[in-house]
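Here's an informal walk through one protein chain, meant to be read with the structure open on your screen. We'll begin with a single residue and work outwards from there.

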Amino acid sequence: MANNLDINIRAQIKEAVDSINKFGKEATSTLKDVEKSTKEASGSINKFSDQFSSLGSTVKVAAGALAALYAGQKLIGFFADATQEAVQFENALIGVNSVAQAFGQNTDEVTEAVKNLASDGLVPVQNVANTLKNLLATGLELPQAIELFNALKNSAAFNRQGFLSLGDAIEGAAQGIKNGNSTLVDNAGITKNLSILQKEYAASIGTTVGRLTEAQKIQAAYVGILREAAIFTGDAAKLSETYSGATARLSFSYNQLLVTIGEFITKSPAITQLVGQLATTFNNLSGFITENQKSIKSFINDFVIFSSVATATLSA
């Protein structure tokens, strides 16, 4: 019985030793495979490193050039936006002042009025300038035009046609007053027809609509719209306190920043020189890429090979 137990123990020990030896051989084989793969990867890495070193200066130049290209594009885009805003602002003032001068108004006062009326950000400068231009073209004095602008601004704040912006509604109403188009005036929240305003005005001065002169018809619109818009007094101020009013002010402030920068850009010799330097940089970059196509392609190919070997090694 004891002999049989001894034989069984010896057999189990031998089996355990054999398993250990087998595991050791398999582990050794695996380690050799890993070592071989590592040497292969190391060789590829060294080759890639050599290639990278040989192309080091080329890559650095390319990276620097591409960085300059990116920065240049951003800078040029910003310059373009600023210049465009400055040009639009200048054109708007030129347009309204041209009309103001033709109708005997002080252009400096008109320019100041445009800036003041646009200062809360609710109505863009272009809309303000075009509105005053249309109103002054009817023969109204600047103070009357300003008063009418503010009345239309209040009436249109919450009562304009929904598809129109505040600025477009006011500008359109001014066009309607000038051309006798009641629909355009209605778009700004003044629903009473211009013909009715003329009739009411004619009665107030003891005459009939048929006897009104063109100047009197404009006066009828002026008096009537101020009366009709009185119930909306303060609505523009209420609008400025809303989220849309806050975003309008933010947009106005940013546009004014662009206008200031744009005016500086268009009148600055230093900026003109910088733009010329950027153009030279882009030309140099284009020439560099053309002259180094072979090196750049080789660098890219070696990088792809390295990536493949590295992926295969990590997956092994």
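Start at Gly 104, which sits in the loop between H2 and H3. Keep in mind as you look that this is a predicted model. Gly 104 has a relative accessibility of 64%, so it counts as exposed, the cut-off being over 50%. Its C-alpha lies 9.0 Å from that of Glu 141, a residue 37 positions away along the chain.

Move on to the next loop, the one between helix H3 (107-118) and H4, and you'll find Asp 120. Is Asp 120 exposed or partly exposed? Its relative accessibility is 23%, so Asp 120 is partly exposed. Leaving aside residues up to four places away in sequence, Asp 120 touches Lys 153 and Arg 249. There's also a long-range pairing to look at: Asp 120 and Ser 253 are 133 residues apart in sequence, yet their C-alpha atoms are 9.2 Å apart in space.

For a third residue, try Lys 199 in helix H8. With a relative accessible area of 59%, Lys 199 is exposed. Its C-alpha is 9.1 Å from the C-alpha of Gly 210, eleven residues away in sequence.

Now zoom out to the whole chain. What is it built from, in terms of helices and strands? There are 13 helices and zero strands, so reading from the N terminus you simply meet one α element after another. The chain has 316 residues, and 32% of them count as buried. Take the contacts with a separation of 6 or more: 70% of them are between residues 24 or more positions apart.

Two helix pairs are worth a look, and they pack in their own ways. First, H4 and H6: their axes are 8 Å apart, at an angle of about 10°. H4 and H6 are therefore roughly parallel to each other. On the H4 side the contact uses Gln 126, Asn 127, Asn 130, Thr 131, Asn 134 and Leu 135. Across from them, H6 brings Gly 167, Asp 168, Ile 170, Glu 171, Ala 174, Gln 175, Ile 177 and Lys 178. Sorted by class, that contact has four nonpolar, seven polar and three charged residues.

The second pair is helix H8 (residues 194-204) with helix H9 (residues 214-229), whose axes come within 8 Å and cross at roughly 100°. That crossing makes H8 roughly perpendicular to H9. H8 puts Leu 194, Leu 197, Gln 198, Glu 200 and Tyr 201 into the contact. H9 answers with a list that includes Gln 216, Lys 217, Ala 220, Ala 221, Val 223 and Ile 225. Here the split by class is seven nonpolar, four polar and four charged.

Next come the pockets. Rolling a probe the size of a water molecule over the atoms shows where empty space is left. The two pockets at the top of the list are set out here.

| Pocket | Volume | Lining by class | Top contributor to the lining |
|---|---|---|---|
| Largest | about 200 Å³ | eight nonpolar, five polar, one charged | H11, six residues |
| Second largest | about 160 Å³ | four nonpolar, three polar, three charged | H9, four residues |

Which residues lie nearest the centre of the largest pocket? They are Pro 124, Val 125, Gln 126, Phe 252 and Asn 255, out of 14 residues in the lining. The elements giving two or more residues to this lining are helix H2 (56-102), helix H4 (125-136) and helix H11 (243-267). Gln 126 turns up twice in this story, in the pocket lining and in the H4 contact with H6.

The second largest pocket is lined by Ile 177, Lys 178, Gly 180, Ser 182, Leu 194, Gln 198, Glu 214, Lys 217, Ile 218 and Ala 221. Helix H6 (166-179), H8 and H9 each give two or more residues to that lining. Several of these names will be familiar by now. Leu 194, Gln 198, Lys 217 and Ala 221 also belong to the contact of H8 with H9, while Ile 177 and Lys 178 take part in the contact of H6 with H4.

How values were computed
Residues numbered from 1 in each chain as written. Predicted model: local features only at pLDDT ≥ 70, side-chain atom pairs only at ≥ 80, totals over all residues. Heavy atoms only, no water. Axes fitted to C-alpha atoms, helices over the stretch in contact; angles between N-to-C directions. Parallel < 35°, antiparallel > 145°, perpendicular 65-115°, else oblique. Contact = heavy atoms within 4.5 Å. Nonpolar A, V, L, I, M, F, W, Y, C, P; charged D, E, K, R; others polar. 1 Å grid on protein atoms, 1.4 Å probe; cavity = no way out; pocket = protein on both sides within 12 Å on 5 of 7 lines; lining within 4 Å. Points joined across faces, edges and corners; volume = space filled by probe spheres on them. Buried < 20%, exposed > 50% of the residue type's maximum accessible area, 1.4 Å probe, protein only.
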